[in-house]
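Trainee: I would like to learn how to read a model like this one, feature by feature. Can we go through it together?

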Amino acid sequence: MYRSKQRMTQHITAVIFDLDDTLIDWSGQEIHGAAIGQRHLKQLYAYLMAQGEAVPAEEDFLDCFGEVLVRLWNQAKLTWAGVSLAQVITQTLQESGLDVAQMDMDTLLRVYNWQPVPGVRPYSDAIPTLQTLRQQGYKLGLITNAMQPMWMRDVELETYGLLPYLDARVTSGDTGYMKPHPAIYERVLNLLAVEPTQAVFVGDRPENDIAGANAAGLTSVLISPPHLNYQLNGARPDYTIKRLSELLPILERLEIK
Ligand SMILES: [Mg+2]
């Protein structure tokens with residue numbers, strides 16, 4: 001998957017970011033694992049009850065969702081396909097014996113009502129760095145391996161004040177591919193109208209963010225904040241930083257080349 005970076009360096013015109021633990025800091029998260037989604041799933045369950053649907057016991061419904069989620073993600077990882085929340089909900093409802101065909105998925109997703117996770121916040125230098133990049137004329141993008149549609153994660157971006165800076169944004173759930181599949185990088189590059197060699201990608205997971213950016217032909221920057229300790233496992237970032245603001249001198253150096 002890795003190809004040599006001995007290539008012509010083009011003028012960098014775009015910077016594309018991962019979201020979780022790259023722009024926003026999960027080190028202070030107050031709820032973990034399945035509990036994060038269950039807050040929302042319970043709202044969906046209550047809605048189905050109120051609609052008179054023949055739902056199973058709440059605990060069984062939550063368990064079913066959890067099993068479906070793990071199964072679909074594990075399956076998807078074999079080919080780096082993207083799993084969507086709509087797919088997971090559909091499968092859960094079917095396995096719970098409900099007639100999904102006569103339900104409106106958009107309504108169900110709105111009832112799910114995804115919100116920022118308590119204790120998660122943008123890194124202190126996220127907005128200043130994005131502001132500087134914007135002032136310097138870079139196009140800015142975002143790629144997240146998330147099953148939510150982008151409009152749901154936009155709710156978070158809006159809360160954190162990050163939304164106005166990110167011109168093109170995609171989730172793996174929407175795109176049908178997850179990082180490291182090159183197709184999800186190509187999607188955002190197309191939206192930004194830039195070539196891979198004109199773009200830098202910043203992410204925290206070597207095997208997804210960095211391996212994918214390299215395979216897609218972008219310049220890769222690994223952000224390695226103190227609370228994370230991922231192994232490289234063969235992924236080779238072009239640059240490694242500890243804080244987002246360290247990106248600025250790297251871009252200056254790429255500019256001079
Ligand atoms: Mg991440």
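Trainee: Are D18 and D20 buried or exposed?

Mentor: This is a predicted model, so read each value as computed from predicted atoms. Burial is judged by relative accessible area, and under 20% counts as buried. D18 and D20 are both buried.

Trainee: Which residues coordinate the magnesium ion?

Mentor: Look for the donor atoms around the metal. Here D18 and D204 each contribute an OD atom, and D20 contributes its O atom, at 2.1 to 2.2 Å.

Trainee: What spacing do the donors of the magnesium ion follow along the chain?

Mentor: The pattern is D-x1-D-x183-D.

Trainee: How should I read the sheet, and what is the order of its strands?

Mentor: Strands of a sheet pair through backbone hydrogen bonds, in a parallel or an antiparallel sense. In this model six strands form an open sheet with parallel pairing, in the order β5-β4-β1-β6-β7-β8. The edge strands, each paired on one side only, are β5 (168-171) and β8 (239-241). From one strand to the next, the twist averages 20 degrees.

Trainee: Over how many bridges do β4 and β5 pair?

Mentor: Four bridges link β5 with β4, which spans residues 139-144, and the sense is parallel. To see the register, take residues that face each other: I143 is opposite V170 in β5, and T144 has T171 as its bridge partner in β5.

Trainee: What about the pairing of β1 with β4?

Mentor: Strand β1, residues 14-17, pairs with β4 in the parallel sense, again over four bridges. A position to check there is I16, which stands opposite G141 in β4.

Trainee: How many of the residues of β4 are buried?

Mentor: Five of its six residues are buried, so β4 is mostly covered.

Trainee: Which helix lies across β4 and β5?

Mentor: That is α6, residues 150-160, and its direction makes an angle of about 120 degrees with β5. To read the connection, follow the chain from strand to helix to strand. β4, α6 and β5 form a β-α-β unit, and its handedness is right-handed.

Trainee: Where is T171, and what does it touch?

Mentor: T171 is in strand β5. Its relative accessible area is 0%, so T171 is buried. Leaving out residues up to four places away in sequence, T171 touches T144, A146, Q148, P149, M150, R153 and I184. One of these, Q148, has its backbone oxygen 2.8 Å from a polar atom of the T171 side chain.

Trainee: Where is T92, and which residues does it touch?

Mentor: T92 belongs to helix α3. The value to read is its relative accessibility of 1%, and therefore T92 counts as buried. Setting aside residues up to four places away in sequence, T92 touches F61, C64, F65 and V68. Positions far apart in the chain can be compared through their C-alpha atoms: those of T92 and L62 are 9.0 Å apart, with the two positions 30 residues apart along the chain.

Trainee: Why does D125 count as buried, and where is it found?

Mentor: D125 is found in the loop between β3 (121-122) and α5 (126-135). D125 counts as buried because its relative accessibility is 8%. Beyond its neighbours within four places in sequence, D125 is in contact with R243, L244 and S245. A polar atom of the D125 side chain lies 3.2 Å from the backbone nitrogen of L244.

Trainee: How do I read the backbone angles?

Mentor: Most residues other than glycine have a negative phi, and most peptide bonds are trans. In this model D21 has a positive phi, near 65 degrees. D21 lies in the loop between β1 and β2 (24-25), and D21 counts as buried because its relative accessibility is 10%.

Trainee: What is phi for W80, and where does W80 lie?

Mentor: Phi of W80 is also positive, at about 60 degrees, although W80 is not a glycine. W80 lies in the loop between α2 (58-77) and α3 (85-95). At 27% relative accessibility, W80 counts as partly exposed.

Trainee: Which residues are joined by a cis peptide bond?

Mentor: The bond joins K179 and P180, with omega about 20 degrees. P180 lies in the loop between α7 (172-175) and α8 (182-192).

Conventions:
Residues are numbered from 1 along each chain as its sequence is written. This is a predicted model: local features need pLDDT of at least 70, side-chain atom pairs count only at pLDDT 80 or more; totals for chains, interfaces and linings use all residues. Side-chain values use heavy atoms; hydrogens and water are left out. Donors are N, O and S atoms within 2.8 Å of the metal (3.2 Å for Na, K and Ca); water is not among the atoms, so sites may look incomplete. Buried means under 20% relative accessible area, exposed over 50%, partly exposed in between (1.4 Å probe, protein chains only). Two strands pair if DSSP finds at least two bridges between them. Helices (H or I, at least four residues) and strands (E, at least two) are DSSP runs, numbered from the N terminus. Axes are lines fitted to C-alpha atoms, for helices over the stretch in contact, and angles run from 0 to 180 degrees between N-to-C directions. Contact means heavy atoms within 4.5 Å. A crossover is right-handed if, with the strands pointing away from the viewer, the path from the first strand over the helix to the second runs clockwise. A polar contact is a pair of N or O atoms within 3.5 Å; within protein, one must be able to donate a hydrogen and the other to accept it, and residues adjacent in sequence count only if both atoms are side-chain atoms.
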